[in-house]
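Colleague: I am new to this structure, and I would like to go through it with you step by step. Could you show it to me before I ask anything?

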Amino acid sequence: MTTLRHEPFLDIARQREADRLGMVVFLASEAMLFGALVMGLLALRTFQPAPFAAASERLNLLAGSVNTAVLLTSSLLVAIGAEARALNRNRLATWMLGIAALLGIAFLIIKGREYYQEYGEGLMPGAGPYQDFGSPGARMFMDGYFVATGLHAFHVLVGVAMLAGCAWRLRRSDPPSKVGIENVGLYWHLVDVVWVFLFPILYLSR
Amino acid sequence: MGLRRLLLTWVALLVLLSMTIAASFLPIGNWRQLANMAIAAAKAGLIVWIFMKMRQETALVRLAGVIAAVLLLVLGSLLASDYLFRIDSPLIRIDGSNARGPLTPDAASSGERSP
């Protein structure tokens with residue numbers, strides 16, 4: 001594999017650093033986006049601890065825990081895939097990224113089933129056969145839950161599309177560059193980091 | 001190849017996940033939430049440092065990542081300095097009444113308040 005140098009960069013190292021810097025700045029803006037939601041949830045927990053805990057207890061802890069493990073495992077596979085691409089083992093990289101994308105789909109299926117369960121239990125604000133929050137604070141918790149996990153699920157969906165695209169292109173004669181695969185991997189790891197914070201706040205605030 | 005390092009990181013992440021779930025069942029009151037946030041920070045640190053390969057990045061790229069964390073801390077502190085000192089904050093409430101005097105029944109029913 002040769003990384004192609006292109007204008008305006010004079011050497012490969014600087015080009016690589018610029019690529020990486022751009023990606024990290026974008027990820028920092030994503031961290032701001034999710035950070036605001038996390039802070040909103042923490043403020044709600046400070047002011048309404050009892051309803052917050054009551055609503056948190058009604059979430060499906062098993063599904064949330066399994067989903068955390070699924071995302072952590074997919075992150076491992078993406079890291080291995082990026083390593084394999086750097087060593088020109090594109091076949092291995094294809095498999096790793098492909099399985100990671102499948103794990104992302106598994107995450108979305110589990111999340112969807114949870115949403116459906118909450119829909120049936122009256123926990124989905126403004127939808128479902130009936131509404132059963134118990135208190136205004138719990139209703140606010142569920143609002144925050146659906147906004148935060150919904151936005152996160154959208155990011156998972158985008159990540160799955162990018163991982164699958166990379167896996168597909170790795171099989172062809174013009175595979176994505178090492179830096180390109182690594183940047184997609186960075187995005188996926190950030191999605192993982194966001195979930196690592198959402199999980200305890202939403203599911204473990206009992 | 002750093003395969004061994006990646007696998008060990010993954011094992012550590014899963015151990016931390018089981019720890020945070022176990023900690024949430026301990027009868028230690030609000031310390032649970034502190035423990036859970038500390039474990040989340042440790043997990044995020046492992047992912048950022050090993051999986052995202054920040055340990056191999058240049059100072060410039062690391063700085064961009066650190067600024068994100070610093071900005072979140074600044075914004076969080078500003079938010080806390082507002083919310084934590086509002087009139088119905090748990091920090092400044094004194095024995096069930098607030099600075100405006102005891103809650104009227106009307107105000108009490110509009111939003112539940114924790115003891």
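Colleague: How many salt bridges are counted between chain B and chain A?

Modeller: This is a predicted model, in which local features need pLDDT of at least 70 and side-chain atom pairs count only at pLDDT 80 or more, while totals for chains, interfaces and linings use all residues. Residues are numbered from 1 along each chain as its sequence is written, chains are lettered from A and ligands numbered from 1 in the order in which they are written, and side-chain values use heavy atoms, with hydrogens and water left out. A salt bridge here is a side-chain nitrogen of Lys or Arg within 4 Å of a carboxyl oxygen of Asp or Glu; one such pair is Glu57(B) with Arg16(A), at 3.1 Å from N to O. Between chain B and chain A the count is four.

Colleague: Which elements give two or more residues to the side of chain B that touches chain A?

Modeller: Chain B has four helices and zero strands, where helices (H or I, at least four residues) and strands (E, at least two) are DSSP runs numbered from the N terminus. The elements that meet this condition are helix H1 (3-23), helix H2 (31-51) and helix H3 (59-83) of chain B.

Colleague: How many residues of chain A are in contact with chain B?

Modeller: Contact means heavy atoms within 4.5 Å. By that rule, 46 residues of chain B touch chain A, and the residues of chain A on the other side number 47.
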